[in-house]
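Me: Please take a close look at chain A and the partners it meets. I should like a connected account of the surroundings of its ligand, followed by its contact with the neighbouring chain.

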Amino acid sequence: MLKITDLVHSYGSHRVLDGVSLSVAEGELVSVVGPSGCGKSTLLRSIAGLVRPSGGSILLGGRPIDRIPDNLAIVFQDYSRSLFPWMTAMSNVALPLRRRGLDRRRSREAAMAALDQVGLADAGGKYPWEMSGGMQQRVSIARALAYRPALLLMDEPFGSVDAQTREDLEDLVLRVCAHQGMTILLITHDIDESVYVGDRVIVLTRSPARVAADLEVGLGGSRDQIATRQLDEFVRLRAEVGRLVRGGSTTATTVLEQH
Amino acid sequence: MNRVRVLRGVVGAAGFVAAVEAVGMSGLIDERFLPRMSTILVSAAGLIVDPDFLADATATVTAWALGLLLTVAVAVPAGLALGALPAVERAVRPLIEFLRPIPSVAIIPLAILLFSDNLHLRLAVILYASSWPVLMNAIYGVKDVDPLAKETLRSFGFGPVSVLLRVSLPSAAPFIATGVRVASGIAIILAVSAELLAGGAEGIGIFITEAASAGRIDLMLAATLWAGLFGVLSNAVLVAAERRLFRWHRVRSGSPR
Ligand SMILES: Nc1ncnc2c1ncn2[C@@H]1O[C@H](COP(=O)(O)OP(=O)(O)OP(=O)(O)O)[C@@H](O)[C@H]1O
Ligand SMILES: [Mg+2]
């Protein structure tokens, strides 16, 4: 569904993406990890059509991206700036649905359901500035989920929530991906998380970013916060990703798995 | 907190009135030129039930309200458009910078030549003079909108016009409201000025002119007092409205609620 080839981007003379190639199949959940400042957000913004890359190609459903793709939702890293402070949480979530042609009542119902999914059923009437960072982050996740996009781009979406909520949200994203057939690209700096939620983990190098490794996660479809994390495969992958993120060399296994 | 401030203001005003009255009583000033404060206040109270004055005040307030509405209807869309289209804004900027510093009262003689109808004349000069703060604040407000807020809406498939109306306009609204408040003060000044310079049948300015020619300085000053009070009151109402409507803006920019 998404195919990126030799993507290059520079801000002025500052090279950020240095030939990134990756692909995501329909219905897949791919996590992207990389050191801070390596260009993860830039990669995501290029896919969303918000940044015009300096070179390379991005094909979405076989078509190059020349404008903002239809049927796409983003959870921005700067979630608080992406919520509209003059609207309640409910209206923030419902707004994109109105463009989809849902009437007021149906869009509010869908918004309510999405807020419920992220554990904010009671907070629909609150304004973003009345909420904690973690709550705001969940509102922006709810907004993307309610929209039911074909492609969901999430930029460090669980950074501000507590550990328990984080696990709940990880499981929510897994369910949504499985049941609604969403394709998801999830950026994270959390190595455990990248392995736990991903069908594949793509590791980026230190800036300027290239793909250091593209690892298949052989953990099967159903995951459990406790049992999955104890599996040998999980422990092995976590160590592998950790080494790669720290700039370690690729081991024999990852080279094999890249093909 | 607020009550203390109001109280302090009332005490200040009362002190000023008392001081002027004291000077008046001392006989330092000829009462024919400057009536005693108490005389002015009594005249002002009398004006509330004077049908002539009420008709004049209604005419001025009507011109003020219509002029301000017209200003908002013209300057807000113009400001949004200029804020959203930097190329056009750069093109008209020199014109704006040339016209804006011209004292607005100076265009009244020109308006007298152009308009035969007195209300049209007043509306025209109010529109001209009050548009500047609304226009400038709208342009500034739209340019200042958080790009990420706009990108969020664009990413959900909204077009440029939707983004302008659903993000830029609400984001800029607190700035626009401040512009409207400044414009409201300008509008009352221009309404009365136009009446003073252009004459006409009704208006506070007309009342003042007639009182002056009849040698009734107390009525003249009483009418002026009411015009000033109207300015203070409308400003207070607009401030209160801004506080209510744009709580999100104040919370966000870190000012106290
Ligand atoms: N609009 C911009 N203009 C200029 N430089 C930018 C811009 N956006 C990002 N950069 C620079 O590009 C580099 C990569 O930024 P990016 O936000 O893509 O990294 P990231 O991997 O998402 O970082 P983080 O982990 O902190 O979120 C950084 O050095 C950043 O300073
Ligand atoms: Mg980032």
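The reply below begins with the ligand and then turns to the interface.

Reply: The model is predicted, and the account that follows should be read as a description of that prediction.

The shell around ligand 1 is made up of A:Y11, A:H14, A:V16, A:S36, A:G37, A:C38, A:G39, A:K40, A:S41, A:T42, A:Q77 and A:E156. By class, these residues comprise three nonpolar, seven polar and two charged.

Three of the surrounding residues may be described in terms of individual atoms. An oxygen atom of ligand 1 is 2.8 Å from a backbone N or O atom of A:K40. For A:Q77, by contrast with the backbone atom just described, the atom concerned is an N or O of the side chain, and an oxygen atom of the ligand lies 2.8 Å from it. A:S36 also takes part through its side chain, with a polar atom placed 3.3 Å from an oxygen atom of ligand 1. Each of these pairs counts as a polar contact because the N or O atoms are within 3.5 Å of one another. Taken on its own, ligand 1 has 630 Å² of accessible area, and the protein covers 59% of it.

In terms of secondary structure, two elements of chain A give two or more residues to this shell, namely β2 (14-24) and α1 (40-47). The greatest contribution is that of α1(A), with three residues.

Attention may now pass to the interface with chain B. Here 22 residues of chain A are in contact with 20 residues of chain B. The two chains bury about 2100 Å² between them, and carbon and sulfur atoms account for 67% of that area.

There are two salt bridges between the chains. One of them joins the side chains of A:R81 and B:D146, at 2.8 Å from N to O. The interface also holds four residue pairs in polar contact, counted where both residues have pLDDT 80 or more.

On the side of chain B that touches chain A, at least two residues come from each of α7 (147-155), α8 (160-198) and α11 (247-252). Of the elements on that side, α7(B) gives the most, with seven residues. The residues on this side of chain B divide into nine nonpolar, four polar and seven charged.

How values were computed: Residues are numbered from 1 along each chain as its sequence is written. Chains are lettered from A and ligands numbered from 1 in the order in which they are written. This is a predicted model: local features need pLDDT of at least 70, side-chain atom pairs count only at pLDDT 80 or more; totals for chains, interfaces and linings use all residues. Side-chain values use heavy atoms; hydrogens and water are left out. A residue is near a molecule or strand if one of its heavy atoms lies within 4 Å of it. A polar contact is a pair of N or O atoms within 3.5 Å; within protein, one must be able to donate a hydrogen and the other to accept it, and residues adjacent in sequence count only if both atoms are side-chain atoms. Accessible areas come from the Shrake-Rupley method with a 1.4 Å probe; for residues, only the protein chains shown count as cover. Helices (H or I, at least four residues) and strands (E, at least two) are DSSP runs, numbered from the N terminus. Ala, Val, Leu, Ile, Met, Phe, Trp, Tyr, Cys and Pro count as nonpolar, Asp, Glu, Lys and Arg as charged, and the others, Gly among them, as polar. Contact means heavy atoms within 4.5 Å. Buried area is the accessible area (1.4 Å probe) that two parts lose on being put together, summed over both. A salt bridge is a side-chain nitrogen of Lys or Arg within 4 Å of a carboxyl oxygen of Asp or Glu.
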